[in-house]
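Thank you all for coming; I would like to take a few minutes to walk you through one structure. Please have a look at the sequence and the model before I go on.

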Amino acid sequence: MLARIKEFLGMETKPEAKNPEIKEVASEEEVEKVAEEKPKPKIGYIHLSGCTGDVISLTENYDILAPLLTEMVDIVYGQTLVDRWDIPEMDIALIEGSVCLQDEHSLKELKEVREKAGLVVAFGSCASTGCFTRYSRGGQQAQPSHESFVPIADVVKVDLSMPGCPPSPEIIAKTVVAVLNGDMDYLQPMMDLVGYTEACGCDLQLKVVNQALCIGCGTCAMSCPTRAVGMTDGRPEVNGDRCVKCGICYIQCPRSWWPMERIKKDTGL
Ligand code: SF4
Ligand code: SF4
C-alpha cells in the first residue's frame, strides 16, 4: 500500500545517484512551472449511507481549501458537485458513509469506484467503522428492506481510513496537505486504521483499562461525539446505550497504540 501511495504521489522509491549539476533548491519560477505542467489530481466524492456530516466538516474548511479545491485539484465526480452520472477514472476517491448490503446500486457504485480510483479513502466513521449506521434497520423512506450496513473495507480494498463523527475540519485540512506533500509520517496512522472496522466503546474497557494501560487522561471522554464516555474516579466508563460505535474514543486514546504483543514478547509477561 505504501508503494501505491508513493507511486501516486510521484515519490521516488529508490534513491537516485546525486548529480552535482542538479541544483538542490529550485527557484520559485521553476516550482510554478512544474506545478503548471503536472496534471491536477482528479478527486471524486462518493456519498453512500451516512448523515452528510462529513461533507459539512469538509466545507468548514472553505477558507483554507478554496484555492486548493478550485486551482490545484479537479473534482471529477460527486453528487451535487459535478453534473455527471458515469463514474470516471480518478486519482483519489473520498467515500462518505457505510455501504448497505441490500442496496445493489450502492454496492455497484462502490466496486466501480474501487476499480477506477488510484486511492480509496474511507472518509468519516460511517465509511471507516460503520458508526451509527450499524444500528439502522430499514424504514428509511421508501427503502424498508435496507437493513445491513457495513464499513466499506468489508466490501472493497481501502487505502486510507479517516474516522471521525465527523472528522474535524483541522484533520481534513492537514490530511489534504499531507497527501499533496507526500508526508508519509502523517498518513501512516490512517493506513494502520484501515483494518480497524470493529469499533466500539467497549474496546477501551477491554484493550486499555483492563490491560492496566489507562492513565486517566480523559481524552476518550472529551472526544466522544455522543458523550457516552464518563470519567469515574479517574477512569472511563462507557454507557453502551449511547455508544454509536464510531471508534473515536479508542482511536484518540494515547494508550491504545501501544504494541502490546511486542511488549508481552519482550517482557515475557
Ligand atoms: S463510546 Fe463514544 S467515541 Fe467511543 S465508540 Fe462509542 S460513540 Fe464513539
Ligand atoms: S483516553 Fe485512554 S488513557 Fe485516557 S482516560 Fe481514556 S482510556 Fe484512559
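If we sort the shell around ligand 1 by residue class, we find eleven nonpolar, three polar and one charged residues. I should say early on that this is a predicted model, so please keep that in mind as I go through it. Of the 15 residues around ligand 1, those that come nearest are G201, C224, C243, C246 and C249, and you may like to find these on the screen before we turn to the other ligand.

Ligand 2 is surrounded by 14 residues, and the closest of these are C214, C217, T219, C220 and C253. By class, this second shell divides into ten nonpolar, three polar and one charged. Which helices each supply at least two residues of the shell around ligand 2? They are helix 9, residues 202-209, and helix 10, residues 219-223, and it is helix 9 that gives the largest share, with three residues.

Let me now move to the sheet. Five strands form an open sheet, and if you read across it the order is 2-1-3-5-7, with parallel pairing. At the edges are strand 2 and strand 7, the latter being residues 160-162, and each of these pairs on one side only. Direction ignored, neighbouring strands of this sheet are turned by 25° against each other on average. As a general reminder for those who are new to this, strands of a sheet pair through backbone hydrogen bonds, either parallel or antiparallel.

We can follow the pairing strand by strand, beginning with strand 1, which covers residues 42-47. Strand 1 is joined to strand 2, residues 74-78, by four bridges, and here I43 has I75 as its bridge partner, while Y45 stands opposite G78. Towards strand 3, strand 1 has five bridges, and these two strands run parallel; on this side I43 stands opposite I92, and G44 stands opposite A93. I43 therefore makes a useful landmark, and you could start from there when you trace the sheet yourselves.

How many of the six residues of strand 1 are buried? Five of them are, so this strand is largely enclosed by the rest of the structure. Strand 3, residues 90-96, is mostly covered as well, with six of its seven residues buried. Strand 3 also continues the sheet towards strand 5, residues 117-123, through six bridges, again running parallel, and within this pair E96 has F123 as its bridge partner.

Finally, I would like to look at helix 5, which runs over residues 104-116. At 1.5 Å a residue, its 13 residues should span 18 Å, and because the end C-alpha atoms are 18 Å apart, the model agrees with that expectation. Among the residues of this helix, S106, L110 and V113 are buried. Seen down the axis of helix 5, the buried residues fall within an arc of 65°, so they line one face of the helix. On the other side of helix 5 we find E104, H105, K108 and E115, which are exposed.

That is where I will stop, and I am happy to go back to any part of the model.

Note on methods: Residues numbered from 1 in each chain as written. Chains lettered and ligands numbered in written order. Predicted model: local features only at pLDDT ≥ 70, side-chain atom pairs only at ≥ 80, totals over all residues. Buried ≥ 20, exposed ≤ 12 C-beta atoms within 10 Å, placed from the backbone. Pairing = 2+ DSSP bridges. Near = placed C-beta within 6 Å. Nonpolar A, V, L, I, M, F, W, Y, C, P; charged D, E, K, R; others polar. Axes fitted to C-alpha atoms, helices over the stretch in contact; angles between N-to-C directions. Expected span 1.5 Å × (residues − 1). Arc of directions from axis to C-beta.
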